[in-house]
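Dear colleague,

Please find below the structure that I am handing over to you. My notes on it follow directly after it.

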Amino acid sequence: MQREIEQIVNEGNAAIGAATSTEALAQVDTELFGKRSALSAAHRSLGSLDPDARKEAGRLLHEARALLEGQLAARRVTLAQSERAALLVSDRLDLTEVIPAQMASPLSRGHLHLVSQARDELEDVFVGMGFEVAEGPEAESDWYNFEALNMPPAHPARGMYDTMYLDIGEPETVLLRTHTSPVQIHLMEDAARHGTLPIHAVMPGKCFRLDTPDARHLPVFNQIEGLVVDRGITFGDLAGTIQTFTTAYFGEGMQSRLRPAYFPFTEPSAEYEITCAICRGAGCRTCSNIGWVELGGCGMVDPAVFAAVGIDSDEWSGFAFGFGIDRLALMRHEIPDLRSFMENDIRFLSQF
Ligand code: PHE
């Protein structure tokens, strides 16, 4: 019996040592201690021994079982530890990983919106021509947006501007500017007050009108205003400036024209138009079949405006213009519909 028990222990130890996973060890556990195990069989055979031998064999069997159980438990701990370590390695996420630039999607990088790029380029063109860049507020009083621009209350020209009023103060006294022309007034008032004439400035910024969006209109759009106030400025200076600007922004060969128009704050006034870049003048949806697209207005500063800001129109004269930045970008890049600028479709935006 003693030899038999030694053999059970040796074989058990070998089996425990040979198990390389907790799963295999569970199998060994059943083989060693289950009903069909050698240990159980030995137990059952105790009954056939005489009492003294049975007592001795019983003690040996008990020791053998305790020994094997201890070995098994120790082996289980070791195997579980290494299995957990292996799991941690395989589950590990390398959060320090850097995606090389050439593998990163260009779509995920982002860049300035086309309209912002256009504004920057326009500023560059005018700065190259000797203009300074100025800005003004988007919320204005009636005085700056209308009255100082020779549009007193109830002036019919106010009808050109579907105005968004702000609920501040008396009704219809504070508004979102409908054009960038009020910035002219700020600059002229400052220059008159501080004696810093002449002025050669462009003023880019957002404008707001209650317009229904279509191919050429958005309720929020951008203009770049221009103002020159100096001695002896003529309409020829205005026409030459616009011609130089057209070539600088669109390149050679873009056809532009000035058409007589009316603005209360300039006299004479003109509309600045270019041949529609979508249809090359043949007529299409973008230009409403006219073949020309109006990019803005311009003219010689009206003496009434000089009077409103306190500039002597006998000594000074000037010209002003206001061009739609969004429309300029539309024509320059041959985009048929202004609404593409507002849809934020990455497939469109990423092309520019
Ligand atoms: N402010 C005018 C508009 O938006 C355009 C303009 C600017 C006309 C300057 C003349 C001089 O309608």
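With which residue does Arg285 form a salt bridge? The partner is Asp337, and the closest N and O atoms of the two are 3.4 Å apart. This pair links distant parts of the chain, 52 residues apart: Arg285 belongs to the loop between β7 and β8, and Asp337 to the loop between α10 and α11. Arg285 is exposed, with a relative accessible area of 55%, whereas Asp337 counts as buried at 11%. Please bear in mind that the model is predicted.

In the whole structure, the search finds 17 salt bridges. One of them joins the side chains of Arg158 and Asp142, at 2.9 Å from N to O. Here too, distant parts of the chain are linked: Asp142 lies in helix α6, and Arg158 in the loop between α6 and β3, 16 residues apart. Arg158 is buried, with a relative accessible area of 15%, and Asp142 is buried as well, at 12%.

A further salt bridge, between Arg347 and Asp345, has an N to O distance of 2.8 Å. Arg347 is exposed at 62%, while Asp345 is partly exposed at 26%. In addition, Arg257, Arg259, Glu271 and Glu273 are joined into one network by salt bridges that share partners.

Turning to helix α1, this element comprises residues 2-18 and reaches 24 Å from its first C-alpha to its last. Its buried residues are Ile5, Ile8, Val9, Gly12 and Ile16. They cover an arc of only 95 degrees around the axis, so they lie on the same side of α1. Arg3, Asn10 and Ala18, on the other side, are exposed. The buried residues of α1 pack against α2, α3 and α4.

Yours sincerely

Terms used
Residues numbered from 1 in each chain as written. Predicted model: local features only at pLDDT ≥ 70, side-chain atom pairs only at ≥ 80, totals over all residues. Heavy atoms only, no water. Helix = DSSP H or I, 4+ residues; strand = E, 2+ residues; numbered from the N terminus. Expected span 1.5 Å × (residues − 1). Buried < 20%, exposed > 50% of the residue type's maximum accessible area, 1.4 Å probe, protein only. Arc of directions from axis to C-beta. Contact = heavy atoms within 4.5 Å. Salt bridge = Lys/Arg side-chain N within 4 Å of Asp/Glu carboxyl O.
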